[in-house]
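This briefing concerns one protein model, with attention to a helix and the core to which it contributes. Please consult the structure shown below.

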Amino acid sequence: MRTGIALTFLLALLATSCTPAPVPDGRIAELEATIETLRATPATPGLQRVRLVEAFDGDSGIAADTNGDFEFRLYGVDAPERDAVSRAALEQLIAAFGNNLYAEERDVDRYGRRVVVLRTGDGSYSVNVEMVRHGYAYAYLWFGELEGVVAAEAEARANRRGIWRMPR
């Protein structure tokens with residue numbers, strides 16, 4: 001009997017360790033509903049339509065535009081390195097944008113990555129700020145302040161979202 005319980009527990013543990021880390025709350029669904037209203041918005045001049053190829057963590061990855069693939073780093077935010085939850089949140093936020101994801105290049109970092117703001121076509125909604133607002137990243141002011149990111153971090157802290165859930 002004990003062997004059966006132990007085996008069941010082990011199989012359940014193995015099954016949960018093989019699945020990707022889910023984003024831990026329903027905020028992404030709310031976000032997708034907001035983005036749905038923005039999908040048909042025309043693009044602002046100077047923005048380049050992109051799609052996600054791979055997320056490395058919550059603030060970097062590989063994207064593609066009409067010129068091919070490129071490595072990117074999100075401007076104004078810093079996420080925990082190699083964090084599965086932050087990476088999943090970035091992937092879900094980007095997926096929610098569908099064909100309405102644009103990159104505004106702000107800089108190139110020392111690794112040759114494009115430092116970008118990922119946003120909707122009209123420029124009003126930013127993946128960067130939403131990563132911070134939902135508690136999956138911190139405000140990062142090394143390159144300069146992204147409009148709204150400091151307020152988004154204050155909101156995440158006050159509401160104990162994501163990385164702010166645990167006391168420091």
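Helix α3 is followed by G98, whose phi is positive, near 60 degrees. Helices (H or I, at least four residues) and strands (E, at least two) are DSSP runs, numbered from the N terminus. The model is predicted: local features need pLDDT of at least 70, side-chain atom pairs count only at pLDDT 80 or more, and totals for chains, interfaces and linings use all residues. Residues are numbered from 1 along each chain as its sequence is written, and side-chain values use heavy atoms, with hydrogens and water left out.

**Helix α3**
- α3 has 14 residues and reaches 20 Å from its first C-alpha to its last, close to the 20 Å expected at 1.5 Å a residue, where the expected span is 1.5 Å times one less than the number of residues.
- Among its buried residues (under 20% relative accessible area, 1.4 Å probe, protein chains only) are L90, L93, I94 and F97.

**Nonpolar core**
- The largest nonpolar core (buried Ala, Val, Leu, Ile, Met, Phe, Trp, Tyr and Cys residues joined through side-chain atoms within 4.5 Å) has 30 residues, and F72, L90 and M131 are among those with the most contacts inside it.
- Two or more residues of this core come from each of β4 (68-74), α3 (84-97), β7 (114-119), α4 (127-133) and α5 (149-158).
- α3 gives the most, with five residues.
- F72 has contacts (heavy atoms within 4.5 Å) that include L52, I62, L90, V116 and L118, not counting residues up to four places away in sequence.

**Residue N128**
- N128 lies in helix α4 and is buried, with a relative accessible area of 0%.
- Beyond four places in sequence, N128 touches L74, Y75, V77, V116, V117, L118 and L146.

Terms used: Buried means under 20% relative accessible area, exposed over 50%, partly exposed in between (1.4 Å probe, protein chains only).
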